[in-house]
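Biologist: Thanks for sitting down with me. Could we go through the helix packing and the ligand site together?
Modeller: Gladly, let's look.

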Amino acid sequence: MRFLLIYASIDGQTKKIAERIMATIQAGKHDCQMVSIEHAPQKMEAVDCLVIGSRIRFGHHDKAVAAFVQAHLDWLNQHPSAFYSVSLVARKKEKSTPATNSYCRKFFSKTHWQPKNAAVFAGKLDYSLYNFWQKRIIRFIMWMTDGPTDFSSKIEYTDWEKVDEFANKLIN
Ligand SMILES: Cc1cc2nc3c(=O)[nH]c(=O)nc-3n(C[C@H](O)[C@H](O)[C@H](O)COP(=O)(O)O)c2cc1C
């Protein structure tokens with residue numbers, strides 16, 4: 001199978017997850033290309049399965065990802081496709097599945113995309129990457145959700161086994 005993996009990432013975690021998924025797909029002897037949303041092709045030529053991953057910022061997936069999904073909705077709903085969402089709220093067990101994660105639920109209901117596989121992964125917290133206001137907003141969110149509020153915190157919450165399970169489902 002020929003896979004195309006499109007990701008939207010700012011701080012790198014959604015991209016890092018894409019790299020891990022790609023490694024699993026390639027280890028299964030499948031062809032896999034990976035591109036950021038800015039470089040996503042407009043035509044799905046020579047693609048059997050499309051995998052899209054997006055980070056969350058301020059409650060929303062990447063706008064360009066939503067636009068891409070709308071533009072390719074027919075293709076997506078007629079071919080094998082998969083989606084993963086990356087956020088900090090997903091570190092909470094009760095918000096870690098497509099059915100229980102409100103960002104994911106809203107995204108599918110808005111775009112009408114029904115991917116064969118979907119997953120919600122916890123991202124990373126790294127205050128050193130955020131600007132003055134972002135630092136304070138994220139600290140407020142962390143405080144509200146019992147997370148670390150110390151500006152020196154750097155935590156990767158991603159469950160890599162869960163990522164591997166998702167990737168293995170794509171090739172089996
Ligand atoms: C400015 C900003 C806003 C964010 N907003 C949210 C949010 O609304 N909900 C959430 O769960 N995580 C939020 N996050 C956390 C990111 O989703 C998390 O850090 C993720 O790993 C980012 O993916 P990326 O590293 O691929 O950019 C936010 C992070 C930043 C920097």
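Biologist: At what angle do helix α1 and helix α6 pack, and how far apart are their axes?
Modeller: Keep in mind that this is a predicted model. In it, α1 (residues 13–27) and α6 (residues 160–171) pack at about 45 degrees, and their axes are 9 Å apart.

Biologist: What makes α1 oblique to α6?
Modeller: Roughly parallel needs an angle under 35 degrees, and roughly perpendicular begins at 65. The angle here is about 45 degrees, so α1 counts as oblique to α6. The crossing of α1 past α6 is right-handed.

Biologist: Which residues make that contact?
Modeller: From α1 they are I17, R20, I21, T24 and I25, and α6 brings W160, V163, D164, F166, A167, N168, L170 and I171. By class, 9 are nonpolar, 2 polar and 2 charged.

Biologist: How do you know which residues surround the ligand?
Modeller: The test is a C-beta atom within 6 Å of the ligand. The shell has 20 residues, with S9, D11, T14, R55 and G123 the closest. Elements giving two or more residues are α1, β3 (49–57), β5 (81–87) and α5 (132–144). The largest share, 3 residues, is from β3. The shell's classes are 8 nonpolar, 8 polar and 4 charged.

Biologist: What span is expected for α5, and what does α5 reach?
Modeller: With 13 residues at 1.5 Å a residue, 18 Å is expected. The model has 19 Å from the first C-alpha to the last, close to that value. Just after α5, D146 takes a positive phi of about 60 degrees.

Terms used: Residues are numbered from 1 along each chain as its sequence is written. This is a predicted model: local features need pLDDT of at least 70, side-chain atom pairs count only at pLDDT 80 or more; totals for chains, interfaces and linings use all residues. Axes are lines fitted to C-alpha atoms, for helices over the stretch in contact, and angles run from 0 to 180 degrees between N-to-C directions. Helices (H or I, at least four residues) and strands (E, at least two) are DSSP runs, numbered from the N terminus. Angles under 35 degrees count as roughly parallel, over 145 as roughly antiparallel, 65 to 115 as roughly perpendicular and the rest as oblique. A crossing is left-handed if the near helix is turned anticlockwise from the far one by less than a right angle, and right-handed if clockwise. Two residues are in contact if their C-beta atoms, placed from the backbone, lie within 7 Å. Ala, Val, Leu, Ile, Met, Phe, Trp, Tyr, Cys and Pro count as nonpolar, Asp, Glu, Lys and Arg as charged, and the others, Gly among them, as polar. The expected span of a helix is 1.5 Å times one less than its number of residues.
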